[in-house]
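Q: Hi! Could you walk me through the model shown here? I'd like to start with the metal.

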Amino acid sequence: MDRRSAILGMSAIAATALADARESAGVSPAPPGPAGGPRRLRKIATEEAFTIPEVADAIRETVRRGGTSLDLKLMTLIYTPPASADAAAPASSRDALARMFLPRLLDLDAGRLAEMDDYGVDVHLLSLTAPGVQMFGADTAVELARLANDRMSEVIRRRPTRFAGLAAFAPQDPAAAVKEMERAIRTLKLNGFLVNSHTDNLYLDDPRFWPILEAAEALDAPLYIHPRAPSDGMAGPFRDYRMEGSIWGYGMETGTHAVRLMLSGVLDRFPRLRIVLGHMGEALPFWLWRLDYMASPGSRAALKNALKPSEYVQRNFAITTSGLEDPLVLRLCIDKIGLERVMWAIDYPYQPTAGAVSFIESAPLSEPERAAVAHGNAERIFRIAAA
Ligand code: 1WB
Ligand code: MN
């Protein structure tokens with residue numbers, strides 16, 4: 001068994017024991033580069049998921065109640081795995097892997113730090129895992145967003161050089177969301193916000209959410225738009241063949257969300273809003289020439305936008321590499337939208353740390369480019385202290 005599958009197969013408890021053993025042996029947390037070799041690459045991973053038991057319980061309750069949301073498929077797999085009798089014969093390797101997600105999401109301590117140390121990952125920029133609190137009733141959502149933010153900020157306070165965090169909020173109650181966003185930045189000193197695409201099948205260009213966009217702009221803190229499964233209105237063709245999640249549905253949903261923000265003109269209303277997209281920009285860099293061709297002001301699809309899509313990208317967007325470890329796509333993104341807007345991410349625990357680390361360490365980049373993507377841009381955009 002190679003190191004990667006050993007780590008992947010390791011239970012959270014075993015990982016904890018390993019970290020404890022390391023700590024008592026006085027092993028330094030971040031392994032140095034080979035003697036006389038190049039300086040170790042500082043790595044800030046920017047889309048790293050966690051949960052807390054209370055949110056996991058509320059998701060289980062949501063799964064139990066059922067409904068139309070396409071997210072329920074993945075939630076069922078991750079939060080209500082089949083009884084251990086069936087677990088011996090998993091339907092696919094994905095199901096077996098899904099069973100590993102929950103313990104890793106819940107571990108904000110030894111097991112997570114051990115994996116970071118093993119691969120030389122300096123910082124996890126944490127966020128409450130998809131779909132956050134966005135499937136809950138408004139009151140539950142408000143309460144659980146606060147609780148998750150409190151827990152996350154305790155973890156960050158304990159390990160300020162290893163963790164930073166993006167705050168959750170409940171878009172179901174925009175006024176409460178704004179309060180929580182203010183608390184997250186002013187009191188908890190968090191690094192921005194993360195929202196999981198649509199809420200109740202509505203997108204952030206809807207006027208009911210404008211107070212949230214206004215608050216993010218006023219607080220000058222980035223809003224990460226993370227995927228969730230396509231909303232009810234677009235879900236149909238994604239229901240077969242497990243297409244709803246990270247394979248394709250997540251990207252289509254969130255890319256569509258970003259195009260709505262551009263074409264609705266909402267970014268003209270909030271011109272200093274800073275948005276972050278994962279997964280190499282959810283295909284936008286690839287489509288940008290055509291988006292400009294079709295939707296530059298005066299063109300056929302431009303109804304409300306004052307700027308070209310590429311001008312919004314240059315002014316309002318940054319992207320991360322989460323879960324898309326293709327050096328050709330990284331090159332395209334850097335050349336198309338600018339080195340200063342591309343950041344590295346793992347997508348822990350959904351994507352193995354080993355692959356994401358070897359990707360950023362070996363991608364054909366100049367060393368200044370590598371440093372900008374691996375940590376420099378994240379330090380600037382999320383206001384994370386440089387080492
Ligand atoms: C997966 C990825 C599942 C993410 C998730 O469930 C989230 C997956 C909430 O790869 O199966 C994610 O955040 O990328
Ligand atoms: Mn993710």
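Q: Which residues coordinate the manganese ion (ligand 2)?
A: Glu47 (OE), His226 (NE2) and Asp347 (OD) coordinate the manganese ion (ligand 2), at 2.0 to 2.2 Å. Donors here are N, O and S atoms within 2.8 Å of the metal (3.2 Å for Na, K and Ca), and water is not among the atoms, so sites may look incomplete.

Q: And what spacing do the donors follow along the chain?
A: The spacing is E-x178-H-x120-D. Glutamate 47 sits in strand β1 (residues 44-50) and histidine 226 in strand β5 (residues 223-226), so this pair ties together parts 179 residues apart in sequence. Helices (H or I, at least four residues) and strands (E, at least two) are DSSP runs, numbered from the N terminus.

Q: Before I go on, what kind of model is this?
A: This is a predicted model, where local features need pLDDT of at least 70 and side-chain atom pairs count only at pLDDT 80 or more, while totals for chains, interfaces and linings use all residues. Residues are numbered from 1 along each chain as its sequence is written, chains are lettered from A and ligands numbered from 1 in the order in which they are written, and side-chain values use heavy atoms, with hydrogens and water left out.

Q: Thanks! Are glutamate 47 and histidine 226 buried or exposed?
A: Both are buried. Buried means under 20% relative accessible area, exposed over 50%, and partly exposed in between (1.4 Å probe, protein chains only).

Q: Now ligand 1. What surrounds it?
A: Leu74, Met75, Ile78, Ala130, His226, Ser246, Tyr250, Asp347 and Tyr350 surround ligand 1; a residue counts as near if one of its heavy atoms lies within 4 Å.

Q: Which polar side-chain distances should I look at, say for serine 246?
A: The side chain of serine 246 has an N or O atom 2.6 Å from an oxygen atom of ligand 1. For aspartate 347 that kind of distance is 2.8 Å, and for histidine 226 it is 2.9 Å. A polar contact is a pair of N or O atoms within 3.5 Å; within protein, one must be able to donate a hydrogen and the other to accept it, and residues adjacent in sequence count only if both atoms are side-chain atoms.

Q: On to pockets. How much space lies in the largest pocket?
A: About 910 Å³. Its lining has 41 residues, with Gly245, Ser246, Ile247, Tyr250 and His279 nearest the centre.

Q: What counts as a pocket, and as lining?
A: On a 1 Å grid over the protein atoms alone, probed with a 1.4 Å sphere, a pocket is an open set of points with protein on both sides within 12 Å along at least five of seven lines, and lining residues have an atom within 4 Å of a point. The volume is the space filled by probe spheres set on the points, which are joined across faces, edges and corners.

Q: How many of the lining residues are nonpolar?
A: The lining divides into 25 nonpolar, 11 polar and five charged residues.

Q: Switching to the backbone: where are the cis peptide bonds at proline 131 and proline 349?
A: One joins alanine 130 and proline 131, with omega about -5°, and another joins tyrosine 348 and proline 349, with omega about 0°. Most peptide bonds are trans.

Q: What's around proline 131?
A: Proline 131 is in the loop between β2 (123-128) and α8 (138-158), and counts as buried at 1% relative accessibility. Its C-alpha atom is 9.3 Å from that of threonine 199, 68 residues apart along the chain.

Q: Where does proline 349 lie?
A: Proline 349 lies in the loop between β8 (342-343) and α17 (353-362).

Q: And what about phi for arginine 242?
A: Phi of arginine 242 is near 55°, a positive value in a residue other than glycine. Arginine 242 is in the loop between β5 and α11 (249-263) and is partly exposed, with a relative accessible area of 34%. Arginine 383 has a positive phi of about 55° too; this residue is in the segment after α18 (367-381) and counts as exposed at 53% relative accessibility.

Technical notes. Ala, Val, Leu, Ile, Met, Phe, Trp, Tyr, Cys and Pro count as nonpolar, Asp, Glu, Lys and Arg as charged, and the others, Gly among them, as polar.
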